[in-house]
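Please read the following note with the model open beside you. The points are meant to be followed one at a time, with each residue located before moving on.

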Amino acid sequence: MRRLACAVALVAVVVAACSGGGDDAGKDDDVPATTAAAEDGGGSGSGSGGAGAAGTDAAAYVDALVTASTGNGMGDSPDQNRCFAQAYVDTVGVEALSRKVSVATLRTSTGVVPDSFGIQLTDAQRETFFDGLQACSDIKGYFVRAFTGDQSLTDADRACLTTAIDDEMVKTIVTAPFDGDQSPIESTPAFDLAMTKLVTACPEAMSHAGFTP
């Protein structure tokens, strides 16, 4: 397929500036300062948000992440943004987060994308994170709105995309800013496969996004 740079609106909205971690994730002034434990090589954690600490610590991390990530494309509403934050903290756990960033530092940061923490999600954690998103929001509806919101599409084109988009496509895109992999998602086989499926199913709609067979 021929792609236009940053062609799909959902990539800019959901993945933040057309990359797995977003442009902000690679800028020193936007990445939260790590704790000493992180510099010593703290790894990614697993389990619930209360792992290794009281549940109040998990709640504090959720609140801080909601504040720090506001406006960076994590969600299209305060409730959606909190859903992303809660699912992420529940997935990686407080212990892993505390190795990377303190609540105080996170709370005073801006434009945060969780990729910048350097916590690599396992395949099982990606599933857990996506399940968490599905539990607290209409994640497919969010994805479709992000995908079609800035495009001049007919009702038929929107209906086509809504039908053609499946959970695997949604998971591929919406987990990208959270999985610790900052490589550009638009250059990955999973993204290519998703876009190929959509171009095949809805060529007219996808042409508006700069994708052609």
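Is Cys-202 buried or exposed? Cys-202 is buried, with a relative accessible area of 3%, where buried means under 20% relative accessible area, exposed means over 50%, and partly exposed covers what lies in between (1.4 Å probe, protein chains only).

A word on the basis of these points: this is a predicted model, in which local features need pLDDT of at least 70 and side-chain atom pairs count only at pLDDT 80 or more, while totals for chains, interfaces and linings use all residues. Residues are numbered from 1 along each chain as its sequence is written, and side-chain values use heavy atoms, with hydrogens and water left out.

1. Cys-202 belongs to one of the 2 disulfides that the structure holds, a disulfide being a pair of cysteine sulfur atoms within 2.5 Å. Its partner is Cys-160, and the two sulfur atoms are 2.1 Å apart. The torsion about their S-S bond is about -95°, so this disulfide is left-handed. Cys-160 sits in helix α8 and Cys-202 in the loop between α10 and α11 (203–207), so that the link joins distant parts of the chain, 42 residues apart; helices (H or I, at least four residues) and strands (E, at least two) are DSSP runs, numbered from the N terminus. Unlike buried Cys-202, Cys-160 counts as partly exposed, at 25% relative accessibility.

2. The other link is formed by Cys-83 and Cys-136, with sulfur atoms 1.8 Å apart, and it is right-handed, with 75° about the S-S bond. Here Cys-83 in helix α4 is joined to Cys-136 in helix α6, 53 residues apart. Cys-83 is buried at a relative accessible area of 4%, whereas Cys-136 is partly exposed at 42%.

3. A search of the whole structure finds 6 aromatic pairs, where rings of Phe, Tyr and Trp (its six-membered ring) pair if their centres lie within 6.5 Å, and planes under 30 degrees apart count as stacked, over 60 as edge-to-face and the rest as tilted. In one of them, the rings of Tyr-88 and Phe-129 have centres 6.4 Å apart and planes at 90°, so the pair is edge-to-face. Tyr-88 lies in helix α4 (residues 78–100) and Phe-129 in helix α6, so this pair ties together parts that are 41 residues apart in sequence.

4. Phe-129 is buried, with a relative accessible area of 0%, and it also forms a tilted pair with Phe-178, at 4.6 Å centre to centre and 40° between the planes. Phe-178 lies in the loop between α9 and α10 (189–201), so this pair ties together parts 49 residues apart in sequence. Both rings belong to one aromatic cluster, which is formed by Phe-84, Tyr-88, Phe-117, Phe-129, Tyr-142 and Phe-178.

5. Helix α6 (residues 123–136) also packs against helix α9 (residues 167–174), at an angle of about 105° and with the axes 11 Å apart; axes are lines fitted to C-alpha atoms, for helices over the stretch in contact, and angles run from 0 to 180 degrees between N-to-C directions. That makes α6 roughly perpendicular to α9, since angles of 65 to 115 degrees count as roughly perpendicular, under 35 as roughly parallel, over 145 as roughly antiparallel and the rest as oblique. Among the residues making the contact (heavy atoms within 4.5 Å) are Phe-129 and Leu-133 of α6 and Val-170 of α9.
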